[in-house]
Amino acid sequence: MQYLSDDVGDVTRPSALMQWRRFSSRPEIKAAILLLLACLFFGSSRDFGAFLLSIPVLIGLGLLALGFVIAAWFEGEDRPSLLLSCLLIAAAPVTFSHAYGAFERVSFYAWAMNHREELRAASRRDGLVIRWDSWGFGSGTDAYLLVDTKDRLRTEERYRE
């Protein structure tokens, strides 16, 4: 790793910004970040067309990122950039699988901040608050935001099917 020197000749460690610029200029890290962002985008969608499109796109981006990592390995690049890009590539499937859950939580908090009175009124009684989301092909699947203070939905047989 190269260090910068000042006028006196003292060797100082590079700043975090300079290290980030060096890391972010590497093609294997750029490809791994692009793969991670694509997994975040496609994972947060419930659209079936987006899912079908995600299969070749994510496979192609994953192979591209792995190709850049292998090429950097043979070029003798420094280990921290290789390690960072491998960690980003390994985090991509986890990001894809957990992106929608995080999206639901963030969207609920955003909805709750803008609809405080509705949420307060709904929390006083059990029942349907709002139709929350829908996805699927044909008849589809609908999700609702419900208040169930006594946790009856889990125990009633008709709701478990």
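**Exercise 1. The charged pairs around Arg 26**

In this predicted model, the side chains of Arg 26 and Glu 28 meet in a salt bridge, with 3.2 Å from N to O. Work out which other residue is linked with Arg 26 and Glu 28 in a network of salt bridges, and establish how buried or exposed the members are.

*Solution.* Start from the general principle that side chains of opposite charge can pair when their charged atoms come close. A search of the whole structure finds 2 salt bridges, and besides the pair of Arg 26 and Glu 28 there is the pair of Glu 77 and Arg 26, whose side chains meet at 3.3 Å, N to O. Glu 77 lies in the loop between α3 and α4, whereas Arg 26 lies in the loop between α1 (16-24) and α2, so this pair ties together parts that are 51 residues apart in sequence. Arg 26, Glu 28 and Glu 77 are therefore linked in a network of salt bridges.

For the second step, compare each relative accessible area with the limit for burial, which is under 20%. Arg 26, at 17%, is buried, and Glu 28, at 1%, is buried as well. Glu 77, with 25% relative accessibility, counts as partly exposed.

**Exercise 2. The nonpolar core**

Determine which residues touch the most other members of the largest nonpolar core, and which element gives the most residues to this core.

*Solution.* The largest nonpolar core holds 17 residues, and those that touch the most other members are Leu 35, Ala 38, Cys 39, Phe 42, Leu 58 and Ile 89. The elements that give two or more residues to this core are α2 (27-43), α3 and α4 (79-114). Among the contributors, α2 gives the most, with 7 residues.

Next, take Ile 89 and look at its surroundings. Once its neighbours within four places in sequence are left aside, Ile 89 is in contact with Ala 32, Leu 35, Ala 65, Leu 66 and Val 69.

**Exercise 3. The cysteines**

Find how many disulfides the model contains, and decide whether Cys 39 and Cys 86 are buried or exposed, or fall in between.

*Solution.* A pair of cysteine sulfur atoms has to lie within 2.5 Å to be counted as a disulfide, and by this rule the count comes to 0. As to accessibility, Cys 39 has a relative accessible area of 4% and is buried, whereas Cys 86, with a relative accessible area of 36%, is partly exposed.

**Exercise 4. A nonpolar patch on the surface**

Identify the residues that make the nonpolar surface patch of about 1,100 Å², and then describe the setting of Phe 51 and Leu 52.

*Solution.* The patch is made by Phe 48, Phe 51, Leu 52, Ile 55, Ile 59, Leu 63, Leu 66, Ile 70, Trp 73 and Phe 74. Phe 51 lies in helix α3, which covers residues 48-75, and Leu 52 is found in helix α3 too. A residue can belong to such a patch if its relative accessible area is over 30% and it has no salt bridge. Phe 51 meets the area requirement because its relative accessible area is 39%, which makes it partly exposed. Leu 52 is likewise partly exposed, with a relative accessible area of 44%. The C-alpha atoms of Leu 52 and Phe 42, which are 10 residues apart along the chain, are separated by 9.7 Å.

**Exercise 5. From the whole chain to Ser 81**

Describe the overall arrangement of the protein, and then give the position and accessibility of Ser 81.

*Solution.* The secondary structure comes to 7 helices and 4 strands, and these follow the pattern β-β-α-α-α-α-α-β-β-α-α when read along the sequence. Of the 161 residues, 22% count as buried. The protein exposes about 11,800 Å², of which carbon and sulfur atoms supply 62%. Among contacts with a separation of 6 or more, residues 24 or more positions apart account for 49%.

Ser 81 lies in helix α4 and, at 0% relative accessibility, counts as buried. Ser 81 and Ile 29 are 52 residues apart in sequence, while their C-alpha atoms are 7.0 Å apart in space.

Methods: Residues numbered from 1 in each chain as written. Predicted model: local features only at pLDDT ≥ 70, side-chain atom pairs only at ≥ 80, totals over all residues. Heavy atoms only, no water. Buried < 20%, exposed > 50% of the residue type's maximum accessible area, 1.4 Å probe, protein only. Patch = residues over 30% accessible without salt bridge, like charges linked within 9 Å, V, L, I, M, F, W, Y side chains within 5 Å. Areas by Shrake-Rupley, 256 points an atom, 1.4 Å probe, with all protein chains shown as cover. Salt bridge = Lys/Arg side-chain N within 4 Å of Asp/Glu carboxyl O. Core = buried A, V, L, I, M, F, W, Y, C linked by side-chain atoms within 4.5 Å. Contact = heavy atoms within 4.5 Å.
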